[in-house]
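Open the model in your viewer and keep the sequence panel visible. The stops below say what to select and what is there.

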Amino acid sequence: MIRNKVSLIITHITCWLIFLSLPLLFVSGFPGNRHPWWELLLMAHYWLFALLYMVLFYGNSYLLIPRLFFRKQLVAYFGILLLLLLMVYYLRPFDRLLVHSIQAELPPAQRRPPIKTDIVSLFLFVMMVALSMAIEISKRWRFTEQRAARAEAGKARAELSFLKAQINPHFLFNTLNNIYTLALTKNENTADSIMKLSNIMRYVTDDASEHFVPLESEVNCIRDYIDLQRLRLGKKVQLAFSAEGQLEHKHIAPLLFMTFVENVFKYGISNHEDSSLQIRIFAEEKTITFYSSNPVFTGRKEMERRGGVGVSNARRRLEHLYPNRHRLHIAADKGLYTVTLTLEV
């Protein structure tokens, strides 16, 4: 912020030095001029010329435009500009500078009469008004764009936090139910399951609070979750899980795959029929691919009703975090439900 202000001040000073040097160069090189350029700096008419246009520029920028033009008080704004134009027309600042610097020492017979219309002064008036107007409108437009961008970013962060809040309790609720079942049956794997749940809870409450986490952490969380699910699977269920490829040094939105992993176990297990479940994660140099497949034993409408919320949330997170950098394909054909999600990282 301070650097931007310093840069802006330096830019203003540089532009004014260039602008105020032009009349010095013009007058000092004009035929009949007997004054070196530095003596012109001591003339009152030079500083009248300089101060008039500086006051016009900053007065229009910081007073007239914000208080009148931007507030739609156009009659008052253009009325004041007209009065200022008449003042410049009457004062003729450039012509007065030219006359007093060049012709003051000439014999009366060689002096030219003052011009009635100082075209240069009027042109500089229009240039100052137009330049200050362009700068202020540009600043207003940038401010509006930045405010809209901040509002959109805040909305996106709030929505992502809401979506995570929807995912986490549901995820923990299912896991706790599984451990409760193990405790009731006094399963020897209960202690190990509690440790895995502890790892999952630590990940969900700490790491998953970030927008992006290491891919290896996400894979470890999924692996712990699947291990907990294995404890309740019967012999009729065949489960294949793999995480391969270049998992290191990659980051991913937390719990993005978990919705689909949960659905695999929620709808792909039957107490009476055989089922084959597949979950694969494969990382390449620039992509991460998630694949899952499972049979659907519950009714199709029931799955769409109960599982559709999680999928919808996942789609919305993908749109926020991976715009134009993801491909999600979901298919349900002949009782087999498959999900293929590819992220560009």
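## First stop: H8 and H9

Select helices H8 and H9, whose crossing is right-handed. This is a predicted model. H8 covers residues 215-230 and H9 covers residues 258-267; their axes come within 11 Å and cross at roughly 10°. An angle under 35 degrees counts as roughly parallel, so H8 is roughly parallel to H9.

Now show the side chains in the contact. On H8, pick Cys-221, Ile-222, Tyr-225, Ile-226 and Gln-229. On H9, pick Met-258, Val-261, Glu-262 and Phe-265. Sorted by class, this contact has seven nonpolar, one polar and one charged residues.

## H9 on its own

Keep H9 selected and colour by accessibility. How many of the residues of H9 are buried? Nine of the 10 are, and the helix is mostly covered. The buried residues are Met-258, Thr-259, Phe-260, Val-261, Glu-262, Asn-263, Val-264, Phe-265 and Tyr-267. Three of the H9 contact residues to look for again here are Met-258, Val-261 and Phe-265.

Next, step back to the loop between strand E3 (251-252) and H9, and select Leu-255. Most residues other than glycine have a negative phi. Leu-255 has a positive phi, near 60°. Is Leu-255 buried or exposed? With a relative accessible area of 2%, Leu-255 is buried.

## The other neighbour of H8

Return to H8 and add helix H7, residues 190-205. The two helices pack at an angle of about 145°, and their axes are 9 Å apart. The crossing of H7 with H8 is left-handed.

For the contact, select Ser-193, Lys-196, Leu-197, Asn-199, Ile-200 and Tyr-203 on H7. The H8 side is Ser-217, Glu-218, Cys-221, Asp-224, Tyr-225, Asp-227 and Leu-228. By class, the contact of H7 with H8 has six nonpolar, three polar and four charged residues. Cys-221 and Tyr-225 of H8 take part here, and Cys-221 and Tyr-225 are also among the residues of H8 in contact with H9.

## H3 and H4

Move to helix H3 (residues 44-69) and helix H4 (residues 74-91). Their axes are 10 Å apart, and the packing angle is about 170°. Angles over 145 degrees count as roughly antiparallel, so H3 is roughly antiparallel to H4.

Show Leu-52, Tyr-53, Leu-56, Asn-60, Leu-64, Ile-65, Leu-68 and Phe-69 on H3. Facing them on H4, show Leu-74, Ala-76, Tyr-77, Ile-80, Leu-81, Leu-84, Met-87 and Val-88, with which they make the contact. The class count for H3 with H4 is 15 nonpolar, one polar and no charged residues.

Then select Lys-72, in the loop between H3 and H4. Lys-72 is not a glycine, yet its phi is positive, about 65°. Lys-72 counts as exposed because its relative accessibility is 69%, whereas Leu-255, the earlier stop with a positive phi, is buried.

## Zoom out

Finally, show the whole protein, which has 10 helices and seven strands. Of its 345 residues, 38% are buried. Switch on the surface: the accessible area comes to about 20600 Å², and 62% of that belongs to carbon and sulfur atoms. Among contacts with a separation of 6 or more, 72% are between residues 24 or more positions apart.

How values were computed: Residues are numbered from 1 along each chain as its sequence is written. This is a predicted model: local features need pLDDT of at least 70, side-chain atom pairs count only at pLDDT 80 or more; totals for chains, interfaces and linings use all residues. Side-chain values use heavy atoms; hydrogens and water are left out. Axes are lines fitted to C-alpha atoms, for helices over the stretch in contact, and angles run from 0 to 180 degrees between N-to-C directions. Helices (H or I, at least four residues) and strands (E, at least two) are DSSP runs, numbered from the N terminus. Angles under 35 degrees count as roughly parallel, over 145 as roughly antiparallel, 65 to 115 as roughly perpendicular and the rest as oblique. A crossing is left-handed if the near helix is turned anticlockwise from the far one by less than a right angle, and right-handed if clockwise. Contact means heavy atoms within 4.5 Å. Ala, Val, Leu, Ile, Met, Phe, Trp, Tyr, Cys and Pro count as nonpolar, Asp, Glu, Lys and Arg as charged, and the others, Gly among them, as polar. Buried means under 20% relative accessible area, exposed over 50%, partly exposed in between (1.4 Å probe, protein chains only). Accessible areas come from the Shrake-Rupley method with a 1.4 Å probe; for residues, only the protein chains shown count as cover.
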